[in-house]
Amino acid sequence: MMNGGGKGMEGTDKESLMMELTRLVQKTVKESSWWERRGIDITILALAFLLLPPAFLLLGSSQALVFVLGMVLMGVSHAVITIKGTHLASHGSLSESPTWADVWAVFFIEVCGSFTARAGVTGHIKMHHAHTNVIGLGDSSTWKIPYLPRGVYLFIAPLAVPVITPLVALGQLKEHSMGQALRTVLMVFLGLYAQYWLLIHVSGFQCLYSTLLCMLLCRAMFSLPYIHVNIFQHIGLPMFSPTCRPKRIYQMTHGVLNLPRNPLLDWIFGHSLINCHVEHHLFPFLSDNMCLKVKPIVSQYLKEKELPYQEDSYLSRLQLFFHKYQELMVFVPPITELVGVQ
């Protein structure tokens, strides 16, 4: 009975840590302006869309340097819209209105990202965030392709993401209603055909294959760091049992890692995917800018409570995965001593 009472008190104490941190973060959010909560990130997305017209025009140039500049602008715009935009939209961080949040999710995930909004939100919010690093549920296992050599997996296979994404989306449609499946097909087709049509009629492309190659190169420009970031921040960290896992604050602080500030990736991917991933997993509905604003509060609180606040560099994680590819990506990481902590 004493042991049982002790466990109960221990559980309450751990639960109160998350509640206390939540109050501190919520206080900061309430004191923040709309510009800080949503405006900055919406402006970044708007700028990405504004880069598209000059990108299409530059791609029509016969001068190599101008053409390459157009490719870069197109690739950067596409990455901001389809990575930062889809991520924020999947969390409903672009609007306080549930209706508009659904609209933005369909637009960014299906039209721009060539994926199904329902499967995207379900897989990311209801699985990855709800079951972070839980084996078989939210353990990033979808990014593991054990039969590929490490060099191919880390540096070549990600380039096929623009082709794989709509194909995977089609495979998800069997779980959708007829109406949702039809909408997804139409929205994905609209997004792909719009870029194709603009390359033909604005940029002046005349060959089908060169147009499709241009689309692939622009869409794959940031696929390597995109896949790297997805695996660096979770795989190789403590894993948890589906039936016996620690409290939320322990699960997220042990199973999530921040990368350092990076001007390029911060703008393109968003803070919540790079240097504020711990904050994002603790408070997933905050925008990128708000994750950055509460970062000092979260890091200081976790360190005061002697909880881990994990950080590592991009190069360090890349070297780790390259040298321990078999252990981390081919074989299931071992369950750690954290499993069963209540």
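The following legends accompany an overall view and several close-up views of a predicted model of one protein chain.

**Figure 1. Overall view of the protein chain, a fold of 17 helices and 0 strands.** The C-alpha atoms fill a box of roughly 80 × 50 × 45 Å along the principal axes. The radius of gyration is 21 Å, which agrees with the value near 20 Å that a compact globule of 342 residues would have. Of the 342 residues, 47% count as buried. Among contacts between residues at least 6 apart in sequence, 72% join residues at least 24 apart.

**Figure 2. Surface and charged side chains of the protein chain.** The accessible surface comes to about 16,900 Å². Carbon and sulfur atoms account for 68% of that surface. The chain carries 25 positive and 21 negative side chains. The centres of these two sets lie 4 Å apart.

**Figure 3. Spans annotated as "transmembrane region" in UniProt.** According to the unreviewed UniProt entry, this annotation covers residues 40-59, 65-83, 151-169, 181-200 and 207-227. Two of these spans are described here in the predicted model. In residues 40-59, the end C-alpha atoms lie 29 Å apart, and the span is 90% helix and 0% strand. In residues 207-227, the end C-alpha atoms lie 31 Å apart, and the span is 81% helix and 0% strand.

**Figure 4. Close-up of Ser95 in the loop between α4 and α5.** Helix α4 comprises residues 64-90, and helix α5 comprises residues 98-112. Ser95 counts as buried because its relative accessibility is 15%, under the 20% cut-off for that class. Leaving aside residues up to four places away in sequence, Ser95 touches Arg38, Trp100, Ala101 and Trp104. Leu47 is 48 residues from Ser95 in sequence, and the C-alpha atoms of the two residues are 18 Å apart in space.

**Figure 5. Close-up of Val103 in helix α5.** The relative accessibility of Val103 is 39%, so this residue counts as partly exposed. Val103 and Ala117 are separated by 14 residues in sequence. From C-alpha to C-alpha, the distance between Val103 and Ala117 is 9.9 Å.

**Figure 6. Close-up of Ser114 and Asn133, two loop residues with positive phi.** Ser114 is located in the loop between α5 and α6, the latter formed by residues 117-129. Although Ser114 is not a glycine, its phi is positive, at about 60°. Ser114 has a relative accessible area of 2% and is therefore buried. Asn133 belongs to the loop between α6 and α7, the latter formed by residues 150-155. Asn133 is likewise not a glycine and has a positive phi of about 60°. With a relative accessibility of 0%, Asn133 counts as buried.

**Figure 7. Close-up of Phe322 in helix α16 and its contacts.** Helix α16 spans residues 314-323. Phe322 counts as partly exposed because its relative accessibility is 28%, between the limits of 20% for buried and 50% for exposed residues. Apart from residues up to four places away in sequence, Phe322 touches Arg150, Leu154 and Phe155. Phe322 and Arg150 are 172 residues apart in sequence, yet their C-alpha atoms are 6.6 Å apart in space.

**Figure 8. Close-up of Phe331 in the segment after α17.** Helix α17 consists of residues 325-330. Phe331 has a relative accessibility of 51% and therefore counts as exposed, the cut-off being over 50%. Lys144 lies 187 residues from Phe331 along the chain. The C-alpha atoms of Phe331 and Lys144 are separated by 9.6 Å.

Technical notes: Residues numbered from 1 in each chain as written. Predicted model: local features only at pLDDT ≥ 70, side-chain atom pairs only at ≥ 80, totals over all residues. Heavy atoms only, no water. Helix = DSSP H or I, 4+ residues; strand = E, 2+ residues; numbered from the N terminus. Rg over C-alpha atoms; globule rule 2.2 N^0.38 Å. Buried < 20%, exposed > 50% of the residue type's maximum accessible area, 1.4 Å probe, protein only. Contact = heavy atoms within 4.5 Å. Areas by Shrake-Rupley, 256 points an atom, 1.4 Å probe, with all protein chains shown as cover. Lys, Arg positive; Asp, Glu negative; His and termini not counted. Charge placed at Lys NZ, Arg CZ, Asp CG, Glu CD. UniProt positions renumbered as here; feature names shortened; annotations may be inferred.
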